[in-house]
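User: I'd like to learn how to read a protein model, one feature at a time. Could you walk me through this one?

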Amino acid sequence: ELASDMLDVVVDVSCIYGQAGEECDVLAFDSQSAAIITLNNEMVLYMREVSKYLSLVCLMRAENLERQGLIDYNVQILKQALRDVLVGKGYRTPRLSLISNPGSV
């Protein structure tokens, strides 16, 4: 329930303080944006966009925000893994060539 409330807050704030002259369909929240809500039990809700229609909301201890680089790295790995699963990576098994180059033998 906290994650859906956070998403509602971010969408509402983006609509109010988003780019001037544009409708609410285009949000100011993009793939480089993050939203952090500090709770009263030393925990935080951290939100990042994964795709246009998917966001990641994490519940973590506040002291973990000091490791922003590690958080960004993990979010990028998750984005790539989801992209690979949903879109398909087009895996191809490598084929070994049993025919040697004519000049090498």
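Analyst: Gladly! Let's begin with a term we will need: a salt bridge is a side-chain nitrogen of Lys or Arg within 4 Å of a carboxyl oxygen of Asp or Glu. Please keep in mind that this is a predicted model.

User: How many salt bridges does that rule give here?

Analyst: The count is two. In one, the side chains of Asp 72 and Arg 48 meet, with an N to O distance of 2.7 Å. Asp 72 belongs to helix 2 and Arg 48 to strand 2, so this pair ties together parts that are 24 residues apart in sequence. In the other, Arg 61 pairs with Glu 63, and their closest N and O atoms are 3.8 Å apart.

User: Is Arg 48 buried or exposed?

Analyst: Buried means under 20% relative accessible area. Arg 48 has 4%, so it is buried. Its partner Asp 72 counts as partly exposed, at 27% relative accessibility. In the other bridge, Arg 61 is partly exposed at 49%, and Glu 63 is partly exposed at 40%.

User: Now the overall fold. In what order do the elements of the chain run?

Analyst: From the N terminus on, the order is α-β-β-β-α. That comes to two helices and three strands.

User: How do I read the way the strands are arranged?

Analyst: The general idea is that strands of a sheet pair through backbone hydrogen bonds, either parallel or antiparallel. Here the three strands form an open sheet in the order 1-2-3, with antiparallel pairing. Strand 1 and strand 3 stand at the edges with a single partner strand each, so one side of each has no neighbour in the sheet. On average, neighbouring strands of this sheet are turned by 20 degrees against each other, direction ignored.

User: How many bridges join strand 1 to strand 2?

Analyst: Strand 1 (residues 34-38) and strand 2 are joined by five bridges. You can follow the register through Ala 35, whose bridge partner in strand 2 is Met 47, and through Thr 38, which stands opposite Val 44. The hairpin of these two strands has four residues between them, and there Glu 42 takes a positive phi near 60 degrees.

User: And what joins strand 2 to strand 3?

Analyst: Eight bridges, again in the antiparallel sense, with strand 3 spanning residues 54-61. This hairpin has two residues between its strands. Arg 48, the buried residue of the salt bridge with Asp 72, stands opposite Leu 56 in strand 3.

User: Why is strand 2 largely enclosed by the rest of the structure?

Analyst: Look at the burial of its residues: seven of the nine in strand 2 (residues 43-51) are buried, so the strand is largely enclosed. Helix 2 (residues 68-87) lies across strand 2 and strand 3, running at about 40 degrees to strand 2. For the whole chain, buried residues make up 17% of the 105 residues.

User: Which residues form the nonpolar patch on the surface?

Analyst: Val 9, Val 13, Ile 16, Tyr 17 and Ile 37 form it, with about 500 Å² of accessible area together. Helix 1 (residues 2-17) supplies the largest share, four residues. Take Ile 16, which sits in helix 1: its relative accessible area is 62%, so it is exposed.

User: What is the accessible surface of the chain?

Analyst: About 8,600 Å², and 55% of that belongs to carbon and sulfur atoms.

Definitions and conventions:
Residues numbered from 1 in each chain as written. Predicted model: local features only at pLDDT ≥ 70, side-chain atom pairs only at ≥ 80, totals over all residues. Heavy atoms only, no water. Patch = residues over 30% accessible without salt bridge, like charges linked within 9 Å, V, L, I, M, F, W, Y side chains within 5 Å. Areas by Shrake-Rupley, 256 points an atom, 1.4 Å probe, with all protein chains shown as cover. Buried < 20%, exposed > 50% of the residue type's maximum accessible area, 1.4 Å probe, protein only. Pairing = 2+ DSSP bridges. Axes fitted to C-alpha atoms, helices over the stretch in contact; angles between N-to-C directions. Contact = heavy atoms within 4.5 Å.
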